[in-house]
Amino acid sequence: MLASRGQEEIEAFLGTLSMNALLALPWLFEFWAMEHQLAPQGDWSTWVVMGGRGAGKTRAGAEWVRSQVEGPAPTAPGACRRVALVAATLDQAREIMIEGDSGLMACTPPDRRPQWIATRRLLVWPNGAEARIISAADPESLRGPQFDCAWSDELGKWKKGRETWDMLQFGLRLGDNPRQVVTTTPRVNSLLEDILQDAHTVQSAASTRANPHLARSFIRVIEESYAGTFLGRQEIDGEMCESIPGALWSRRGLEGMRSETQGLTRIVVAVDPPVTGGKTADACGIVVAGVQAEGPPRDWRAWVLEDASVVGAHPSAWAAAAVAAARRWNADRVVAEVNQGGDLVENILRQVDPMLPYRAVRAARGKVARAEPVAALYEQGRVRHAGIFPELETQMCAIGPEGYSGRGSPDRVHALVWALTDLMIVPAGKWQAPRLRSL
């Protein structure tokens, strides 16, 4: 593997090659690949490639698919002819797995390059092999099609991960030895843990630093900003981090808190505005939540419905995003923290919607102290997530007794706390049991 050799060794090797060999070499991935990008030997059914950002996971997946579908000549058949390409959404499947810088189109030599047929969501190679893109938000679309290999990307982000994975396994039934590769950032969830524990699964792992082709300035910046943090361990080191010690939330706990909503009686949109606007500003936390408030407060249940937070937005943009979320969910009101902006926050929101139902809230306690009662609701099983919210949940698992271990501000968590406080904690303090009428 040339990627692991020194510059002198690489130049000496290249000097021995003919012109035809030199022209073919860029497309022979086994010569350039890093060790974690090459499929392990042995009898396996699933290969999981986990790593930090820029570690080469996507390229590994694309090159493995190439190795399965291509034959010795452009029109010669390969080992596989029917491929499933599964991503969190159809757009991500097309933009990353097919058209991305490390996707299938970019990695394939011109005489073997497949044709993308957008109307059929199909990639077709000159030898007749086909790859179909599938959204993990629509597991039912996997009923019917059958495949002899599959590539699943960023499994940790799939909204209906378990259902989609199960349907994919039933469809992976063609050929003598159907196999699949999973490329993902190591976000803890029960599905990924089950896959890794399967006796027929093999695993490769690498950190961002393993890729020698990344700019040194990029490595320096992310090391200085994130090294040693919860986010850095996950996104740079490629560690599967459960949570920081003493965290208010854990990955495993959140995985057990997912369910469909049931009879919501109120919905709110909570906003944690950034102090400043523009590309360098903190995110504007925007979280939508609803509650089923029937009976005494101990019986109430809440659901987190959407993380609509926006990054690097000017005030008018985050205000428009908050109002759009309120309209999308037909929310009863918008709740916004005004410690930093005061009346200006309401004025910005009302410029977008003058009739917006609105309530200002002001923080009187520290951030961890405000979050603890909400974390207690989770421990009691009274808050559920109606989906997967990766950025929000990463921030939640990085809040411990000493505060937030990530970089910047946990704006999404602040919005979550305000939403659930408005729905569950404040009304419960005012609730009175109905009095019995005397006869």
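1. A residue counts as buried here when its relative accessible area is under 20%. Both Trp 44 and Trp 64 fall in that class. The model is a predicted one, and the points below concern its aromatic pairs, its cysteines and one helix.

2. Trp 44 and Trp 64 form a tilted pair, because their ring centres are 6.3 Å apart and their planes meet at 40 degrees. Trp 44 is in the loop between helix 3 (29-32) and strand 1, whereas Trp 64 belongs to helix 4 (residues 57-69), so the contact between the rings ties together parts 20 residues apart in sequence.

3. Trp 44 has further partners. Ring pairs join Trp 44, Trp 47 and Trp 64 into a cluster. In addition, Arg 179 places its charged end over the ring of Trp 44, at 4.0 Å from the ring centre.

4. How many aromatic pairs does the structure hold? The number is three. One of the pairs is made by Trp 249 and Tyr 378; this pair is edge-to-face, with 5.7 Å from centre to centre and 85 degrees between the planes. Trp 249 sits in the loop between helix 10 (230-235) and helix 11, and Tyr 378 in helix 14 (residues 367-379), so this pair ties together parts that are 129 residues apart in sequence. Trp 249 is buried, at a relative accessible area of 3%, and Tyr 378 is buried as well, at 4%.

5. The structure contains zero disulfides. Why does Cys 80 not form a bond with Cys 149? The closest cysteine sulfur to that of Cys 80 is in Cys 149, at 4.0 Å, which is too far for a bond; the cut-off for a disulfide is a sulfur pair within 2.5 Å. Cys 80 is buried, with a relative accessible area of 5%. Cys 284 is also buried, and its relative accessible area is 1%.

6. Which residues of helix 8 are buried? In this helix, residues 190-197, they are Leu 191, Leu 192, Glu 193 and Ile 195. An α-helix has 3.6 residues a turn, so residues three or four places apart point the same way. The buried residues of helix 8 pack against three strands and two helices by name: strand 1 (46-51), strand 7 (179-184) and strand 8 (201-206), together with helix 7 (161-171) and helix 11 (251-255).

Definitions and conventions: Residues numbered from 1 in each chain as written. Predicted model: local features only at pLDDT ≥ 70, side-chain atom pairs only at ≥ 80, totals over all residues. Heavy atoms only, no water. Buried < 20%, exposed > 50% of the residue type's maximum accessible area, 1.4 Å probe, protein only. Helix = DSSP H or I, 4+ residues; strand = E, 2+ residues; numbered from the N terminus. Contact = heavy atoms within 4.5 Å. Phe/Tyr/Trp six-rings, centres within 6.5 Å; stacked < 30°, edge-to-face > 60°. Lys NZ or Arg CZ within 6 Å of the ring centre and 35° of its normal.
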